[in-house]
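Got your viewer open? Take a seat and let's walk through this structure together, one selection at a time.

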Amino acid sequence: MHRWNQSADQEEVLPPVGVDPLGVLSTTRCVVEDGEHVWINSEQIQTLSERWAELIGPATAGASGPSTGYDRYHFFDGSERSVNWILLLDALNFCFWPEKDQPRWSITYQGEHLSGYWAEAAALTRAVEEGRPIWDAAYLRAMSREELALIFRSEQEQQIPLFEERLTHVHEVGRVLLERFDGQFSRAVAQAAGSAVRLVQLLVEAFPSFRDVARYRQREVRFFKRAQICVADLHALFRGQSWGAFHDLDQLTIFADYKLPQLLRHFGVLEYHPTLAQRVDQQELLPAGSEEEVEIRATTVWACELLRQALAARGLPMKAIEIDQQLWLLSQRIPDMRPYHRTRTIYY
């Protein structure tokens, strides 16, 4: 077994998995233990936990809930329409970065220039304001290429990355909602009976585009990034009430994307093999499902789990999804980080 702390004198063993109903921690554990391209530095996890209040801000260091900008860019009317809207948002929540040396896809919304996830959310809110019923399953199932292009239009005439894949996801959302849930994602929420875990499982089972599962040396590795973030977004949008009420949010993991490993590497928590570091820093594409890419995501999951345990030991208990949110927001405030890894994928 490889050391998960490359700088340690003696090999360390990851702590027990514990409760893991989604299988994310247990299936990523073997990747962390066997990986040859990415390592977790336990000393830097302790340092990050010590600096948590300083980095995040004492007022929000242990806080959860919607972030700044959430209300401004997310459509919400308290009805089933908002439940379908958040499902569509996270069905399309992936891969916003541009090709090397190309401008980012962006929009202007209410006089504000936005890119990335915020631009996606604002574009879908703008569509509602323009009278497009993007909560309607039949409308989604039949959406034309031209209609989706209009929804994601940019003043700079940039096309959102992976446009065709996003159109496929729009059609899938509409089709599955009509076939399985009477057109309403709230039916799936009701079937989950207040369980975030069960709703993630329903998403992964019913919607093929949410089945975020990789193979690593003949073993299945689960991440379920967009399925988990969809449940977390539903919880945030409804402030933990109504269709956003879940009793087991603590059993979700962080959402393995490209911003969190970039931030963790910035703080020395993740260490890349020199060959991988060079490829990432030169913005070379890493193939989806490659050992390097799966190791980056798996170590991100476990680094955040170890950070969660370190914070709890310091008297700051937090859910993994709360840590994820704070780290993602922190990543938006640090301008001088090395590049994130680039993988063209529908999963993040």
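What follows is a tour of a predicted model, with a few stops along the chain.

**Stop 1: two helices crossing**

Start by selecting residues 80–91, which is helix 5, and residues 163–180, which is helix 9. Their axes come within 9 Å and cross at roughly 145°. The crossing of helix 5 and helix 9 is right-handed. Which residues make the contact? On helix 5, show Asn84, Leu87, Leu88 and Ala91; on helix 9, show His169, Val170, Val173 and Leu177. Colour them by class and you get six nonpolar residues, two polar ones and no charged ones.

**Stop 2: ring pairs**

Now switch on the aromatic side chains. How many aromatic pairs does the structure hold? There are 14.

Pick tryptophan 105 and phenylalanine 152 to see one of these pairs. This one is edge-to-face, with 5.7 Å from centre to centre and 80° between the planes. Tryptophan 105 sits in the loop between helix 5 and strand 2 (106–109), while phenylalanine 152 sits in the loop between helix 8 (145–151) and helix 9, so the pair ties together parts that are 47 residues apart in sequence. Are these two buried or exposed? Both tryptophan 105 and phenylalanine 152 are buried.

Next, select phenylalanine 181 and phenylalanine 207. Their ring centres are 6.4 Å apart and their planes are at 15°, so this pair counts as stacked. Here, too, distant parts of the chain are linked. Phenylalanine 181 belongs to the loop between helix 9 and helix 10 (185–192), and phenylalanine 207 to the loop between helix 11 (196–206) and strand 4 (213–216), 26 residues apart. Try a surface view on these two: phenylalanine 181 and phenylalanine 207 are both buried.

Before leaving the rings, show Tyr73, Tyr117, Trp118 and Trp328 together. Ring pairs link these four into a cluster.

**Stop 3: arginines over rings**

Keep the rings on and add two arginines. Arginine 166 lies over the face of phenylalanine 94, at 4.1 Å from the ring centre. For another example, go to tryptophan 97: the charged end of arginine 344 sits over its ring, 3.6 Å from the centre.

**Stop 4: two buried side chains with company**

Select glutamine 228, which is found in helix 12 (residues 225–237). Its relative accessibility is 0%, so glutamine 228 counts as buried, the cut-off being under 20%. What does glutamine 228 touch, once residues up to four places away in sequence are set aside? Bring up Leu22, Val24, Val200, Phe223, Leu252, Thr253, Ile254 and Phe255.

Leave Phe223 on screen and move to arginine 297, in helix 15 (residues 291–313). At 3% relative accessibility, arginine 297 is buried. Leaving out residues up to four places away in sequence, arginine 297 touches Asp212, Phe223, Lys225, Ala256, Tyr347 and Tyr348. For a sense of scale, draw a distance from the C-alpha of arginine 297 to that of serine 106: the two are 191 residues apart along the chain and separated by 26 Å.

**Stop 5: both faces of helix numbers 274–281**

Go to helix 14, residues 274–281. Proline 274 is in this helix, and so is alanine 277. Which of them is buried, and which exposed? Proline 274 is exposed, with a relative accessible area of 62%, whereas alanine 277 is buried at 12% relative accessibility.

Each has a partner from far along the sequence to look for. Proline 274 and histidine 37 are 237 residues apart in sequence and 8.5 Å apart in space, C-alpha to C-alpha. Alanine 277 and valine 38 are 239 residues apart along the chain, with their C-alpha atoms separated by 9.3 Å. Setting aside residues up to four places away in sequence, alanine 277 touches Arg265 and Tyr272.

**Stop 6: positive phi in two loops**

Finish with the backbone. Select glutamine 110, in the loop between strand 2 and strand 3 (112–115). Its phi is near 50°, a positive value in a residue other than glycine. Glutamine 110 is exposed, with a relative accessible area of 59%.

Then find aspartate 182, in the loop between helix 9 and helix 10. Aspartate 182 also has a positive phi, about 50°, although it is not a glycine. With a relative accessible area of 62%, aspartate 182 is exposed.

How values were computed: Residues are numbered from 1 along each chain as its sequence is written. This is a predicted model: local features need pLDDT of at least 70, side-chain atom pairs count only at pLDDT 80 or more; totals for chains, interfaces and linings use all residues. Side-chain values use heavy atoms; hydrogens and water are left out. Axes are lines fitted to C-alpha atoms, for helices over the stretch in contact, and angles run from 0 to 180 degrees between N-to-C directions. Helices (H or I, at least four residues) and strands (E, at least two) are DSSP runs, numbered from the N terminus. A crossing is left-handed if the near helix is turned anticlockwise from the far one by less than a right angle, and right-handed if clockwise. Contact means heavy atoms within 4.5 Å. Ala, Val, Leu, Ile, Met, Phe, Trp, Tyr, Cys and Pro count as nonpolar, Asp, Glu, Lys and Arg as charged, and the others, Gly among them, as polar. Buried means under 20% relative accessible area, exposed over 50%, partly exposed in between (1.4 Å probe, protein chains only). Rings of Phe, Tyr and Trp (its six-membered ring) pair if their centres lie within 6.5 Å; planes under 30 degrees apart count as stacked, over 60 as edge-to-face and the rest as tilted. A charge sits over a ring if NZ of Lys or CZ of Arg is within 6 Å of the ring centre and within 35 degrees of the ring normal.
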